[in-house]
Amino acid sequence: MYQEEIFSNVMTESGQVGYENLTHEIRGMEAAIERFFKMILENTTALSERDFNVDLF
């Protein structure tokens, strides 16, 4: 009985740690994707302003 409780607690804790690691990785990926899109949009905006001699912002 006592060993089952220990095993259950270990499984719960490892699941929580795994979940926290996963959310941390996802946040990192989200930040990288946001930086990528920001760079792409800034570059296309600059090209449009240059090519058409228009200020978009």
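In this predicted model, Arg 50 forms a salt bridge with Asp 51, and the closest N and O atoms of the pair are 3.1 Å apart. That distance satisfies the cut-off, because a salt bridge asks for a side-chain nitrogen of Lys or Arg within 4 Å of a carboxyl oxygen of Asp or Glu, and by this rule the count comes to one salt bridge. The chain around this pair has one helix and zero strands, and its C-alpha atoms fill a box of roughly 75 × 15 × 5 Å along the principal axes.

**Charges and the salt bridge**

- Arg 50 is found in helix H1, and with a relative accessible area of 59% Arg 50 counts as exposed, because exposed means over 50%.
- Side chains of opposite charge can pair when their charged atoms come close.
- Across the chain there are 4 positive and 11 negative side chains, and the centres of these two sets lie 12 Å apart.

**Overall form of the chain**

- A compact globule of 57 residues would have a radius of gyration near 10 Å, whereas the radius of gyration of this chain is 24 Å.
- Helix H1 covers residues 2-52, and the chain has no strands to accompany this one helix.
- Arg 50 and Ser 8, which are 42 residues apart in sequence, lie 63 Å apart in space when the distance is taken from C-alpha to C-alpha.
- For His 24 and Ser 48, which are 24 residues apart along the chain, the C-alpha atoms are separated by 36 Å.

**Surface and burial**

- Buried residues make up 4% of the 57 residues in the chain, where buried means under 20% relative accessible area.
- The accessible surface of the chain comes to about 5600 Å², and 61% of this surface belongs to carbon and sulfur atoms.
- A nonpolar surface patch of about 620 Å² is made by Met 29, Ile 33, Phe 36, Phe 37, Ile 40 and Leu 41, and of these residues Phe 37 is found in helix H1.
- His 24 is also found in helix H1, and at 56% relative accessibility His 24 counts as exposed, because this value is over 50%.

Key
Residues are numbered from 1 along each chain as its sequence is written. This is a predicted model: local features need pLDDT of at least 70, side-chain atom pairs count only at pLDDT 80 or more; totals for chains, interfaces and linings use all residues. Side-chain values use heavy atoms; hydrogens and water are left out. Buried means under 20% relative accessible area, exposed over 50%, partly exposed in between (1.4 Å probe, protein chains only). Patches are made of residues with over 30% relative accessible area and no salt bridge: like charges are joined within 9 Å, nonpolar side chains (Val, Leu, Ile, Met, Phe, Trp, Tyr) within 5 Å. Accessible areas come from the Shrake-Rupley method with a 1.4 Å probe; for residues, only the protein chains shown count as cover. Helices (H or I, at least four residues) and strands (E, at least two) are DSSP runs, numbered from the N terminus. The radius of gyration is taken over C-alpha atoms; the globule rule is 2.2 Å times the number of residues to the power 0.38. Lys and Arg count as positive and Asp and Glu as negative; His and the chain ends are not counted. The place of a charge is taken as NZ of Lys, CZ of Arg, CG of Asp or CD of Glu.
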